[in-house]
Amino acid sequence: SRIGYHIPMFLGFTIMFLSTVMFAFSGTYTLLFIARALQGIGSSFSSVAGLGLLASVYRDDSERGSAMGIALGGLALGVLIGAPFGSVMYEFVGKASPFLVLAFLALLDGALQLCILQPSRTCPESTKATPVSTLLRDPYILVAAGALCFSNMGVAMLEPTLPIWMLQTMCSPQWQLGMAFLPASISYLIGTNLFGILANRMGRWLCSMIGMAVVGISLLCVPLATNIYGLIGPNAGLGFAIGMVDSSMMPIMGYLVDLRHTSAYGTVYAIADVAFCMGFAIGPSTGGAIVRALGFPWLMVIVGVLNVAYAPLCWLLRSPPATEE
């Protein structure tokens, strides 16, 4: 909010480039750990600044929704290409190859940012941002953040546990472990672009509520699969539903700030990113412990029921009151 969104976006790209090069050439757990931590820092710079930039440029609610749908489609495209591309390149070319390709793409992205966004200029927000502590006391922002956290927690728990379960029950070859996430990525790409426009017409609260219910049902169906083909339906449903939630909740965050606070978006998208990251932090750490204690099917039941139970809370976002009300 103080220096504008362009400089943090460019800093995020620089950090991401360094972490990607580290991944390519790291040979110890410590270096991989540092590279992963750097990647998280760079990603947070880029995602918070990127969403804040879109919210400030697109003030109209429907335009903002479709713009964020396209941006989240970019996220989906990365995930879509990343998992199968990484697993195939790792098996047939070598560990460093996918990261070197990614580093080249990061350089290209940096060049585009320099040409189009001109990140050397400081462009602070015209209005003073609401403090994070105030936004965290807003129940409507917390409900939206919770929806982002719990819906993404499902896929966060799947990422480390599903490949192990596939190896144990399906005897899958290594290249299939990344391919299992391909249906989820394709459907997420479709879902974010489709509901970026549709959600505003049907009601973003309704879109999110249906999305969270479908996330829960899809997770409950995952353990029923006996081979990789049986995973196509549940994973596709999961990706499509998370796309519904993300493309609805990201514009709602900006709308809530416009309606109930001041129209400066850095802090609210920091909260959205923290909620997203909490799902990806809590998911793998608790998922592994639950699998060890109860087994993979029970993990899917727990997180699936949690999503279905949370879904009705999205009704609270149907018509949130303005500050005066």
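**View 1. Asp138 caps the N-terminal end of helix α6.** In this predicted model, a side-chain oxygen of Asp138 lies 2.9 Å from the backbone nitrogen of Tyr140. Helix α6 covers residues 139–169. Just after α6, Cys171 takes a positive phi of about 50°.

**View 2. Helix α6 is kinked at Glu159.** The kink is about 40° and comes shortly before the proline Pro160. What end-to-end span should the 31 residues of α6 give? At 1.5 Å a residue, the expected value is 45 Å. The end C-alpha atoms are 43 Å apart, which agrees. Of the 31 residues in α6, 22 are buried, so the helix is largely enclosed by the rest of the structure.

**View 3. The largest nonpolar core has 65 residues.** Leu158, Leu162, Met249, Met253, Tyr269 and Leu317 have the most contacts inside this core. Seven helices are shown for this core: α2 (29–57), α3 (61–92), α6, α9 (204–221), α10, α11 (266–294) and α12 (296–310) each supply at least two residues. Which helix gives the most to this core? Helix α6 does, with 15 residues.

**View 4. Contacts of Leu317, a residue of the largest nonpolar core.** Leaving aside neighbours within four places in sequence, Leu317 is in contact with Tyr140, Val143 and Ala144, and also with Trp205, Met249, Ile252 and Leu256. Tyr140 is also the residue whose backbone nitrogen lies 2.9 Å from the Asp138 side-chain oxygen. Met249 is, like Leu317, among the core residues with the most contacts.

**View 5. Asn235 in helix α10.** This helix runs over residues 232–260. Is Asn235 buried or exposed? Its relative accessibility is 0%, so Asn235 counts as buried. Beyond four places in sequence, Asn235 touches Leu158 and Leu162. Its other contacts are Ala180, Phe181, Pro183, Ala184, Ser187 and Val222. Leu158 and Leu162 are both among the residues with the most contacts inside the largest nonpolar core.

**View 6. Leu219 in helix α9.** Leu219 has 0% relative accessibility and therefore counts as buried. Which residues does Leu219 touch, not counting those up to four places away in sequence? They are Gly154, Leu158, Leu238, Met300, Val303, Gly304 and Asn307. Leu158 is also touched by Asn235. Leu219 and Gly237 lie 18 residues apart in sequence, and their C-alpha atoms are 8.9 Å apart in space.

Key
Residues numbered from 1 in each chain as written. Predicted model: local features only at pLDDT ≥ 70, side-chain atom pairs only at ≥ 80, totals over all residues. Heavy atoms only, no water. Helix = DSSP H or I, 4+ residues; strand = E, 2+ residues; numbered from the N terminus. Expected span 1.5 Å × (residues − 1). Bend = angle between axes of the 7 residues up to and from the residue. Buried < 20%, exposed > 50% of the residue type's maximum accessible area, 1.4 Å probe, protein only. Polar contact = N/O pair within 3.5 Å; in protein donor to acceptor, adjacent residues only side chain to side chain. Contact = heavy atoms within 4.5 Å. Core = buried A, V, L, I, M, F, W, Y, C linked by side-chain atoms within 4.5 Å.
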